2 protein chains.
Amino acid sequence: MSEYSIGLDLGGTNLRAAAIDTQGRMLDKVSGSTNYSEGRQALVDDMVNSIAHLRKNIGADGLTGIGVVVPGFIHLKEGVIANCNNIACLENFPIRDEIEKRLSARVILENDANAAALGEKWMGAGRDVDDLVLLTLGTGIGGGIISRGQVLHGFLGMAGELGHITVVPNGNPCGCGNRGCVEKHASAQAISAMARLAGLGDVTSEQVHRMAVGGNEKAQEVFAAMGQALGIALAMLINTFNFPLYLLSGGVLAAWDQFAPPMLEEVRRRSFTFRHSHTRIEQATLGNEAGLFGAAYLPYRRSDALAQAAR
Amino acid sequence: MSEYSIGLDLGGTNLRAAAIDTQGRMLDKVSGSTNYSEGRQALVDDMVNSIAHLRKNIGADGLTGIGVVVPGFIHLKEGVIANCNNIACLENFPIRDEIEKRLSARVILENDANAAALGEKWMGAGRDVDDLVLLTLGTGIGGGIISRGQVLHGFLGMAGELGHITVVPNGNPCGCGNRGCVEKHASAQAISAMARLAGLGDVTSEQVHRMAVGGNEKAQEVFAAMGQALGIALAMLINTFNFPLYLLSGGVLAAWDQFAPPMLEEVRRRSFTFRHSHTRIEQATLGNEAGLFGAAYLPYRRSDALAQAAR
């Protein structure tokens with residue numbers, strides 16, 4: 001039996017799990033909607049059952065390990081989600097230990113954006129590089145940093161909170177306590193809010209995109225502002241890391257044609273490094289399966305010190 | 001004979017070189033002023049002669065290698081300074097190869113702020129950690145990032161240009177092409193400029209500091225603005241890296257009592273990670289010898305991939 005791992009990605013609306021072999025081939029997959037209203041017990045049951053189902057189907061013999069991906073700030077060593085706006089019932093709960101106990105197997109925990117960055121590095125747009133930064137543009141903005149092939153965790157596992165880069169010093173207030181976080185000026189939520197302020201009514205970011213494509217100047221202005229905000233954050237990241245590749249993913253990516261030109265103009269203006277090196281800013285390619293691939297890749301890593309310590 | 005290396009630090013006003021052993025003991029040192037007006041040839045002569053003098057004094061037998069530290073954006077692989085506002089005559093000149101040829105010895109080149117960060121990690125305030133960020137607050141602001149004990153170089157060696165983090169989107173113009181770089185809002189130069197704008201006349205940052213200590217409210221306001229700008233950049237770095245230690249060095253450090261309180265307040269407000277982890281923001285301890293120690297440490301490194309490739 002060939003070696004494989006099981007990855008589970010707990011998202012805001014979906015729970016996905018897959019058995020993936022060392023070559024990145026998906027052997028089996030289960031998915032379902034997440035019902036947070038039924039509480040923590042039901043949620044953990046769903047997670048455990050999904051993994052157990054795959055392990056039974058493929059066979060426990062070849063299983064290298066299990067990777068579990070959750071949103072929020074994670075204390076890696078403790079295996080605890082410190083702060084999770086989307087899934088309040090999991091906050092300060094020892095999720096890793098609980099799943100390990102119920103499966104009698106070791107589990108590696110990772111943050112969703114870190115895992116997506118790792119997935120893109122392993123099997124997506126980042127296959128050819130060792131260093132990249134990923135920004136996930138969804139309801140909020142997440143970030144993952146891959147340095148020398150490994151997730152950059154920081155000393156507690158809280159690195160890569162790139163949605164909270166300040167792009168407007170006295171801009172929109174954020175739940176994190178800051179003002180002007182890029183997440184509050186360039187996410188799907190921010191696009192909707194700007195559109196409403198511009199008099200476009202109660203619209204989703206997808207609707208704003210369609211308006212912009214149709215020639216609505218207010219909608220186009222929203223994407224100009226959003227692209228500029230994102231450009232400020234990207235320029236900062238490029239000046240800080242001088243990595244070869246910066247990836248964008250998430251639902252807002254559909255509006256690339258609208259926001260990318262002002263974003264790139266802003267980056268060009270604000271980053272000497274961008275202008276003087278071959279730095280790529282590209283769309284991620286794994287879509288919403290990046291986290292799943294990243295989750296499955298977690299047990300395959302060999303030399304990630306904090307991940308090892310966490311295990 | 002015990003093993004030693006020679007480090008040379010070419011600063012804006014001083015050229016320093018030292019022979020330092022593996023334990024960080026300084027065996028010998030030479031220093032002098034840099035006279036850029038005499039042109040590149042004289043400058044390179046000074047550098048080569050300083051190193052040759054030390055090598056002759058201590059003996060070539062125990063010499064592990066030579067590290068040379070220069071200001072500016074450096075293309076590490078090519079050993080060329082791409083951009084150097086302070087020393088225009090060295091721009092696009094193959095400084096490393098020239099010194100190597102004249103000394104018949106291998107030379108490792110590094111950027112000044114990176115070297116200072118490495119020096120602090122080796123023998124200064126960062127001895128107890130593997131990950132740190134250093135900001136040098138001088139005429140401008142430089143940055144160095146140590147990740148897993150090594151300088152984070154990026155793919156061309158241009159990482160750590162932290163003086164060009166945007167803290168005021170439409171703030172003061174910078175030579176790099178950006179506006180509102182932290183260097184233009186929190187350096188010695190910025191302190192002078194703000195003081196002048198506040199009606200304090202043509203004063204140095206040291207004079208503004210003395211005025212602030214003496215109770216001058218305008219001068220205190222300058223340091224409040226400077227500290228806040230620095231706090232925005234630090235919060236961004238903390239959210240990005242989640243490292244245990246952030247060091248400040250350089251001449252502006254003398255005004256710590258004035259700028260640190262507003263800086264820390266800003267960081268606290270803007271960084272969830274800072275509020276929820278034991279993150280230290282401290283003064284560097286090696287002063288203007290950090291770069292010299294970093295230069296001497298360069299040949300002692302074993303596993304820095306780009307540095308190795310560059311060698």
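In this predicted model, A:Val167 touches residues from both chains once its neighbours within four places in sequence are left aside. On its own chain, the contacts of A:Val167 are A:Gly180, A:Val182, A:His185, A:Ala229, A:Ile232 and A:Ala233. Across the chain boundary, A:Val167 is in contact with B:Pro169. Where does A:Val167 lie along the chain? It is found in the loop between strand S10 (150-151) and helix H4 (183-186) of chain A. Is A:Val167 buried or exposed? A count of C-beta atoms settles the matter: a residue is called buried if 20 or more others lie within 10 Å of its own. A:Val167 has 25 of them within 10 Å, and is therefore buried. A:Val208, by contrast, does not appear among these contacts; it stands 41 residues away from A:Val167 along the chain, with 22 Å between the two C-alpha atoms.

The contact with B:Pro169 leads on to the meeting of the two chains. In total, 36 residues of chain A are in contact with 36 residues of chain B. On the side of chain A that touches chain B, helix H7 (217-241), helix H8 (256-270) and helix H9 (272-275) each supply at least two residues. Which of the elements gives the most to this side? That is H7(A), with six residues. Sorted by class, the side of chain A that touches chain B holds 19 nonpolar, 13 polar and four charged residues.

How are the two copies related in space? In general, two copies of a chain are related by a rotation about an axis and a shift along it. Here, chain A is superposed on chain B by a rotation of 180 degrees with 0.0 Å of shift along the axis, and the RMSD is 0.0 Å. The two copies are thus related as by a two-fold rotation axis. The interface fits into this picture too: 100% of the interface residues of chain A are also interface residues in chain B, so the copies meet through the same surface.

Within one copy, chain A contains eleven helices and twelve strands. Its C-alpha atoms fill a box of roughly 60 × 45 × 35 Å along the principal axes. For 311 residues, a compact globule would have a radius of gyration near 19 Å, and the 19 Å of chain A therefore agrees with that expectation. Of the 311 residues, 54% count as buried. Among contacts in chain A with a separation of 6 or more, 63% are between residues 24 or more positions apart.

Chain A is also divided into two parts: domain 1 (4-116 + 289-310) and domain 2 (129-285). Taken over C-alpha atoms, the centres of these domains are 27 Å apart. Contacts join 13 residues of domain 1 of chain A to 15 residues of domain 2 of chain A. On the domain 1 side, strand S5 (73-75) and helix H3 (112-123) of chain A each supply at least two residues. The largest share, four residues, comes from H3(A). By class, this side of domain 1 of chain A has seven nonpolar, three polar and three charged residues.

The H3 helix can also be followed in chain B, where it covers residues 112-123. From first C-alpha to last, the twelve residues of H3(B) reach 16 Å, close to the 16 Å expected at 1.5 Å a residue. Twelve of the twelve residues of H3(B) are buried, so this helix is largely enclosed by the rest of the structure. Among them are B:Asp112, B:Leu118, B:Lys121 and B:Trp122.

Terms used. Residues are numbered from 1 along each chain as its sequence is written. Chains are lettered from A and ligands numbered from 1 in the order in which they are written. This is a predicted model: local features need pLDDT of at least 70, side-chain atom pairs count only at pLDDT 80 or more; totals for chains, interfaces and linings use all residues. Domain bounds come from an automatic or database domain assignment. Two residues are in contact if their C-beta atoms, placed from the backbone, lie within 7 Å. Ala, Val, Leu, Ile, Met, Phe, Trp, Tyr, Cys and Pro count as nonpolar, Asp, Glu, Lys and Arg as charged, and the others, Gly among them, as polar. Copies are superposed by least squares on the C-alpha atoms of residues with pLDDT of at least 70 in both. The radius of gyration is taken over C-alpha atoms; the globule rule is 2.2 Å times the number of residues to the power 0.38. The expected span of a helix is 1.5 Å times one less than its number of residues.
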